[in-house]
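The exercises below ask the reader to work through a protein model, from its interior to its open spaces. Each task is followed by a solution that proceeds in steps.

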Amino acid sequence: MSALFQPLTLRSLTIPNRVWMSPMCMYSAAADGVEQGAATDFHLAHLGARAAGGAGLVMVEATGVRPEGRISPYDLGLWNDHQQRALARVAALVASHGAVPAIQLGHSGRKAGTRQPWLGGAPLPAAEGGWQPVGPSPLAFGANPLPHELTVAEIEAVVRSFAEAAERALAAGFQVAEVHGAHGYLIHTFLSPAANHRTDGYGGSFAGRARLALEVSAAVRAVWPAELPVFFRVSATDWLPEEPSWTVEESVLLAKELQAVGIDLLDVSSGGLAPHAVITAGPGYQVPFATRVRAGGGLPVSAVGMITEPEQAERIVGEGLADAVMLGRELLRNPHWPHHAARVLGAERRWPRQYGFAVGDRG
């Protein structure tokens, strides 16, 4: 039997297969007004299509826990009732197709307030809706504005915002919450000595730099039901071997600490902290990081990054390199990739009945 299409149970939640949709920002919410940060019909169609396409878990893109925590003014948010109601439609549609509705909660930190990527992604001036980013230290991301160094009181407020957003996510019907600790956003910048030069209890040693990640994770876990899992996305390496930075070895240490506060799976990615990082990309290039973290950290992991072929994904799961695969761009190209993979691998396909009666064994 195909390992890729075996269910995975985390706590009391059974996810029907190991092909999961990775969170991908769409930069398509309203930037202001009553609809600011709320999911639209685009998000409903986009995410619903991947659930109908057979993904076992569909994760909503990085969703800002505070207005200034969005990457761009066009990001989703989850700090008010209207945003919660809009996301409830998404969660219900995903679940109606038999997929697990999941959501990534994040704060963009020093990479905040930018244009949409198809418009260049440059920082927006205040006159055009931009704002000052924040971070652990006044160190900018490339040519972005210098971030405000968060005070301890402000850090504590961020932790509360993650917990409040998680409560809203639960009320909206999501079954998995993921803490975004990767890709150069706020939590990642606290983890990495390349971005965190603090000398207080949130900097310096591994314990200090990991403190925010653990406090946020514990706060989310505290409001999330004991029977449902919480994930954490990590950049396993900064790809900065010539300078002090976040490493795979520290990711293994973090996995152990995250497990102790109740995290159930580590979603392993890499990079994003520094624009000058040199990343060696290729098919499955991040899978070895996931495998190392899985072996040393004691947590189940998902792997992501240029996973495009059914046989490739089957090998990753079947050989125990990761417990699941996250597909991003490949699911943009083909929302029905899971159905295609199931056919190739001889597994049962989970077509919506509106499609299945017509497609049958030919699909």
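**Exercise 1. Explain why strand 10 (residues 265–269) can be called largely enclosed by the rest of the structure.**

Begin with the burial of the strand in this predicted model: 5 of the 5 residues of strand 10 are buried, so the strand is largely enclosed by the rest of the structure. The next step is to separate the two faces. In a regular strand the side chains alternate between the two faces of the sheet. Here Leu265, Asp267 and Ser269 are buried on one side, while Leu266 and Val268 are buried on the other, and both faces of strand 10 are therefore covered, given that buried means under 20% relative accessible area.

Finally, consider the pairing partner: strand 9 (residues 230–235) runs parallel to strand 10 and is joined to it by 5 bridges. In this pairing, Val268 of strand 10 is the bridge partner of Val234.

**Exercise 2. Identify which residues touch the most other members of the largest nonpolar core, and describe the surroundings of Phe232.**

The largest nonpolar core contains 110 residues, and those that touch the most other members are Phe232 and Leu254. Helix 3 (residues 152–172) is the element that gives the most to this core, contributing 9 residues. As a general background, nonpolar side chains in soluble globular proteins tend to be buried together.

To describe Phe232, leave out residues up to four places away in sequence; its contacts then include Leu254, Ile187, Ala213 and Leu258. Phe232 also touches Leu265, Leu266 and Asp267, which are buried residues of strand 10. The contacts of Phe232 are not confined to nonpolar residues, since Glu178 and Ser217 are among them.

**Exercise 3. Characterise the burial and the contacts of two histidines of helix 1 (residues 41–52), His43 and His46.**

Take the accessibility of each residue in turn: His43 is buried with a relative accessible area of 1%, and His46 is buried with a relative accessible area of 7%. Then list the contacts, leaving aside neighbours within four places in sequence. On that basis His43 is in contact with Met26, Ser28, Ala29, Gly48, Glu61 and Leu76, whereas His46 touches Met21, Met26 and Leu332. Met26 thus appears in both sets of contacts.

**Exercise 4. Determine whether Trp246 is buried or exposed, and where Trp246 lies.**

Trp246 is placed in the loop between strand 9 and helix 7 (248–260). Its relative accessible area is 1%, so Trp246 counts as buried. For a distance across the chain, compare Trp246 with Leu273, which is 27 residues away in sequence: the two C-alpha atoms are separated by 9.3 Å.

**Exercise 5. Work out which elements the buried residues of helix 9 (residues 310–318) pack against, and what follows this helix.**

First collect the buried residues of helix 9, namely Pro310, Gln312, Ala313, Glu314, Ile316 and Val317. These buried residues pack against helix 8 (287–297), strand 11 (301–304), strand 12 and helix 11 (337–345). After helix 9 comes Gly320, which has a positive phi near 75°.

**Exercise 6. Describe the cavity and the two largest pockets by volume and lining.**

Start with the enclosed space. The structure holds 1 cavity of 30 Å³ or more, and the largest cavity has a volume of about 60 Å³. Its lining includes Asp75, His107, His180 and Tyr185, and strand 4 (residues 57–64) gives the most to that lining, with 3 residues. By class, the cavity lining comprises 3 nonpolar, 7 polar and 2 charged residues.

Move next to the open spaces. The largest pocket has a volume of about 1,300 Å³; of the 43 residues that line this pocket, Pro23, Met24, His183, Tyr185 and Arg329 are the closest to its centre. Strand 12 (324–327) and helix 10 (329–333) are the elements that give two or more residues to its lining, and helix 10 gives the most, with 4 residues. The lining divides into 21 nonpolar, 16 polar and 6 charged residues. Tyr185 therefore belongs to the linings of both the largest cavity and the largest pocket, where lining residues have an atom within 4 Å of a point.

The second largest pocket holds about 230 Å³ of space. Of its 15 lining residues, Phe5, Pro16, Ala347, Glu348 and Arg349 lie nearest its centre, and by class the lining has 6 nonpolar, 6 polar and 3 charged residues.

Technical notes: Residues are numbered from 1 along each chain as its sequence is written. This is a predicted model: local features need pLDDT of at least 70, side-chain atom pairs count only at pLDDT 80 or more; totals for chains, interfaces and linings use all residues. Side-chain values use heavy atoms; hydrogens and water are left out. On a 1 Å grid over the protein atoms alone, a cavity is a set of points where a 1.4 Å probe fits but cannot get out, and a pocket is an open set with protein on both sides within 12 Å along at least five of seven lines; lining residues have an atom within 4 Å of a point. Grid points are joined across faces, edges and corners, and a volume is the space filled by probe spheres set on the points. A nonpolar core is a set of buried Ala, Val, Leu, Ile, Met, Phe, Trp, Tyr and Cys residues joined through side-chain atoms within 4.5 Å. Buried means under 20% relative accessible area, exposed over 50%, partly exposed in between (1.4 Å probe, protein chains only). Contact means heavy atoms within 4.5 Å. Two strands pair if DSSP finds at least two bridges between them.
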